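Trainee: I would like to learn how to read a model like this one, feature by feature. Where do we begin?

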Amino acid sequence: MNVALATSGPAAASAHAVHARLRGVTRMFSGKLSVHALGPLDLDLQCGEFFSVVGPSGCGKSTLMDLIAGLSPPTEGTITFEGKPVAGDVPDGIGAVFQEDASFPWLTVRDNIAFGLRRAGFDVAEIARRVDYVIGFMGLREFATAYPAQLSGGMRQRVCIARTLVLEPRLILLDEPFGALDQQTRLLMGDEVLRLWRETGATVMLITHALDEAAMLSDRVGVMSARPGRFIDVITTGWPRERDSNIVADPAFGVVTARLWSLLRGESMKAIGARGA
Amino acid sequence: MSRQAAIGWTRVAVIVGFLAALEILCRMKVINPLTLIPPSEMAMALWGLFVSGKIWDDIAQTFSTVALAFVFSVTVGFALGALIHALPRVRRAVDPLLASYYSIPFFVFYPLLIALFGLNTVPLIVIGFVFATAAMVISTLNGLDRVPRVMTKTARILRLSPAQAVMQVTLPSAAPYLFTGLKLALAYSFIGVIAGEFILSGGGLGFSIAYAYNEFDNQTMYALMMFVLVIATVMNGALHVWEQRLLKRRTRA
């Protein structure tokens, strides 16, 4: 494929610059039983890369995302985003989409998407321009005046992605956004995500439990251990920037997926309490 | 005819059929006219009360009392609900109390309230308020419990301030439950106030019903009872229609 394209995107200017950096990050949850959920771990998210995180259930993947988004502070260690420390406060420039449906049922699709822009105080014309663009981009035009309840799960997730995109985030965090969707819809939504990743030039971090999804979408895949979650390996896929779900037919795709599974198998058995891993 | 309209007409038919049956039974003297007067006579008597102007003072007093009890119970109930929701320990302590709240016969305190505040509308407002507040507290707790965590997370990701998050995400998200609270609070305020007036007061619809009863004035008594029934039904119906309109867009087609 055309390798030149891979470095001509908006991210090219800052290619190889570190977008988000985690150093010695640990997260404990206190309570009746204190739980060591995560770390210590280090991670450098490169500007403009597509990074996925896979790991056994309960390994702290979502906790990792909350930490990077500034939704909760690390117990130990430091996190920086664009050079500035993140500590329990959501920095400007980060968008997130979650597994659960987070569309606002009391607003139309259009108002859902405009929500963040209105709070940020953009003027009406600018809001209309941006919302129109994103509605077209996400293929939601005929649903603009519908309410989320009238849409399918996949469509509602599109609304959530659109609501995030319209704010033009530089780092997009996706926490199993397609986990509740069927396999076919997931593959198609994967294409959708690749397209928006290419066109926005944003850095994307995807949390997923689907190895094929991680293998298909990512530049790099971080494999996490069972709790407390750490990176046991980071695999570089070597895909060209121009790619789509057809990559599942590529023999290299099978190799990457198999590699991910061989790394994860033991950890997943630990996570479900099986012996002889 | 749509299914919705058919249901509506069936409802009307049930009410009309009941009234017609009552009318016939009364006219045929199957029901003693000294016990129950025919619905048509109730309506005529009610019309007479409006024409003579006797009813207006009662309406004004009862409605202003109910309105005050309602407003207080909704604001205090909501504030208390939000506060209890924010304090899990307090929540655990008061949850069983709230659950058994309506097993208390509050009206036994009504004479005490009169002794405390005098024979005016204050004891009525208080009894309506006490009766209605817990319903609002429970509905508020219910609503806040059901706000999905992902909603509050989304509010933070969108960088809303805590106040904005509450006003623009939490409250709209909890709105259907809060609406239930409003409906219950209105009904309970009504019951509290009219029952209080019935027991002891210087005016109001409940008072006039009791007064007519003691005077063997069946015409006035039934006229007023009919009026109270109609008003309660209309108010609840109006809230119901409004609620359905709000909910329609939120429920799957």
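Mentor: With a pair of strands. Strand β7 (residues 171-175) of chain A runs parallel to β6(A), and four bridges join the two. One caution before we go on: this is a predicted model.

Trainee: Which residue of β7(A) does A:G95 face?

Mentor: A:G95 stands opposite A:I172 in β7(A).

Trainee: How do I read the side chains along β6(A)?

Mentor: Start from the general idea. In a regular strand the side chains alternate between the two faces of the sheet. Now the case here. A:I94 and A:A96 point one way from β6(A), while A:G95 and A:V97 point the other way. All of these residues are buried.

Trainee: Where do the antiparallel strands of chain A come in?

Mentor: Again, the principle comes before the case. Strands of a sheet pair through backbone hydrogen bonds, either parallel or antiparallel. In chain A, four strands form an open sheet with antiparallel pairing, in the order β2-β1-β4-β5.

Trainee: Which are the edge strands?

Mentor: β2 (35-46) and β5 (84-85) of chain A; each pairs on one side only.

Trainee: How many bridges link β1 (residues 18-29) and β4 (residues 76-81) of chain A?

Mentor: Five, in the antiparallel sense. Follow the partners along β4(A). A:R21 stands opposite A:T80, and A:R23 has A:T78 as its bridge partner.

Trainee: And what joins β4(A) to β5(A)?

Mentor: Two bridges, with antiparallel pairing. One partnership is that of A:F81 with A:K84 in β5(A). The hairpin of these strands has two residues between them, and A:E82 there takes a positive phi near 55°.

Trainee: Let us turn to helices. How do I check the length of α4 in chain A?

Mentor: Compare the expected span with the modelled one. Helix α4 (residues 124-137) of chain A has 14 residues, so at 1.5 Å a residue it should span 20 Å. Its end C-alpha atoms are 20 Å apart, which agrees.

Trainee: Which residues of α4(A) are buried?

Mentor: A:V131, A:V134 and A:I135. Look down the axis of α4(A): its buried residues fall within an arc of 100°, so they line one face of the helix. On the other side of α4(A), A:A125, A:E126, A:R129 and A:G136 are exposed.

Trainee: What covers the buried residues of α4(A)?

Mentor: The cover includes α3 and α5 (153-165) of chain A. Now turn to α3(A). Its buried residues are A:V109, A:N112, A:I113, A:A114, A:F115, A:G116 and A:L117. Their cover includes α4 and α5 of chain A.

Trainee: What should I look for just beyond these helices?

Mentor: Check the backbone angles. Just after α3(A), A:G121 takes a positive phi of about 80°. Just after α4(A), A:G139 takes a positive phi of about 65°.

Trainee: How do I read a core?

Mentor: The general idea is simple. In soluble globular proteins, nonpolar side chains tend to be buried together. Here the largest nonpolar core has 80 residues. Those with the most contacts inside this core are A:V54, A:I68, A:A69, A:I113, A:A162, A:L173 and A:L260.

Trainee: Which residues does A:L173 touch, beyond those up to four places away in sequence?

Mentor: A:M65, A:I68, A:A69, A:I94, A:A96 and A:M205. A second, separate core has 44 residues, including B:L46, B:V74, B:F78 and B:A174.

Trainee: What sort of fold does chain B show?

Mentor: Count its elements. Chain B has ten helices and zero strands. Its C-alpha atoms fill a box of roughly 70 × 60 × 30 Å along the principal axes. Buried residues make up 32% of its 253 residues.

Trainee: How does sequence separation enter into the contacts of chain B?

Mentor: Take the contacts between residues at least 6 apart in sequence. In chain B, 72% of these join residues at least 24 apart.

Trainee: Finally, how many residues of each chain are in contact across the A-B interface?

Mentor: 17 residues of chain A and 18 residues of chain B. On the chain A side, β6 (94-97) and α3 (109-119) each supply at least two residues. α3(A) gives the most to this side, with three residues. By class, the side of chain A that touches chain B has twelve nonpolar, three polar and two charged residues.

Technical notes. Residues numbered from 1 in each chain as written. Chains lettered and ligands numbered in written order. Core = buried A, V, L, I, M, F, W, Y, C linked by C-beta atoms within 7 Å. Buried ≥ 20, exposed ≤ 12 C-beta atoms within 10 Å, placed from the backbone. Contact = placed C-beta atoms within 7 Å. Nonpolar A, V, L, I, M, F, W, Y, C, P; charged D, E, K, R; others polar. Expected span 1.5 Å × (residues − 1). Arc of directions from axis to C-beta. Pairing = 2+ DSSP bridges.
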